[in-house]
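Q: Please take a close look at one helix in this model and at its surroundings. I would like a connected account that goes from the packing of that helix to the rest of the chain.

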Amino acid sequence: MDIRHMDGIASQSIDVAFDKCTLDAMIYGSPWNPPPEVVQNASQYLGEVFRVLKSDGVFLYITYRQPHFIRPLLQRNGLDWEIQVETLGASDSSFGYSGFICKPKK
């Protein structure tokens with residue numbers, strides 16, 4: 001299934017969507033100014049996730065990317081998320097990663 005076109009999944013039918021590397025695999029180039037293809041593919045994917053989530057559903061996204069680079073992708077094309085970011089696994093000897101908890105705003 002093409003995650004940018006999840007026509008086989010009914011709207012507002014999913015309780016939880018989990019992403020560990022799907023969005024990351026779509027992102028390349030400058031994080032400050034992503035190429036148009038990155039923006040388009042990410043927008044289509046995230047739009048589909050938003051569409052299939054129930055109104056009280058949650059999208060969980062785990063990444064090593066910096067939150068200030070990811071938020072603009074999550075908030076494109078009128079996606080109205082309530083976004084919470086948690087730093088996970090950080091220590092004095094290692095970088096942390098981010099856990100995004102995204103819920104459709106009511």
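**Packing around helix α3**

A: In this predicted model, the buried residues of α3 pack against α2 (36–52), β2 (53–63), β3 (81–88) and β4 (97–104). Helix α3 itself spans residues 67–74, and its buried residues are F69, I70, L73 and L74. These residues lie on the same side of α3, because the arc they cover around the axis is only 130 degrees. The general background is that an α-helix has 3.6 residues a turn, so residues three or four places apart point the same way.

Two of the packing partners, α2 and β3, are also joined by an aromatic contact. F50 in helix α2 and W81 in strand β3 form a pair that links distant parts of the chain, 31 residues apart. The geometry of F50 and W81 is edge-to-face, with 4.9 Å centre to centre and 85 degrees between the planes. The two partners are covered to unlike degrees: W81 counts as buried at 4% relative accessibility, whereas F50 counts as partly exposed at 24%. Both belong to one aromatic cluster, formed by Y45, F50, F59, Y61, W81 and F100. In total, the structure holds seven aromatic pairs.

The cysteines can be taken next. A search of the whole structure finds zero disulfides. For C21, the nearest cysteine sulfur is that of C102, 16 Å away. A disulfide needs the two sulfur atoms within 2.5 Å, so C21 and C102 do not form one. C21 is partly exposed, with a relative accessible area of 39%, while C102 is buried, at 0%.

As for the whole chain, the protein has three helices and four strands, which follow the pattern β-α-α-β-α-β-β along the sequence. The radius of gyration is 14 Å, close to the 13 Å that the globule rule gives for 106 residues, so the protein is as compact as a globular protein of that length. Along the principal axes, the C-alpha atoms fill a box of roughly 45 × 30 × 25 Å. Of the 106 residues, 35% count as buried. Among contacts between residues at least 6 apart in sequence, 65% join residues at least 24 apart. The accessible surface comes to about 6400 Å², and 51% of that surface belongs to carbon and sulfur atoms.

Key. Residues are numbered from 1 along each chain as its sequence is written. This is a predicted model: local features need pLDDT of at least 70, side-chain atom pairs count only at pLDDT 80 or more; totals for chains, interfaces and linings use all residues. Side-chain values use heavy atoms; hydrogens and water are left out. Buried means under 20% relative accessible area, exposed over 50%, partly exposed in between (1.4 Å probe, protein chains only). The arc is that of the directions from the helix axis to the C-beta atoms. Contact means heavy atoms within 4.5 Å. Rings of Phe, Tyr and Trp (its six-membered ring) pair if their centres lie within 6.5 Å; planes under 30 degrees apart count as stacked, over 60 as edge-to-face and the rest as tilted. The radius of gyration is taken over C-alpha atoms; the globule rule is 2.2 Å times the number of residues to the power 0.38. Accessible areas come from the Shrake-Rupley method with a 1.4 Å probe; for residues, only the protein chains shown count as cover.
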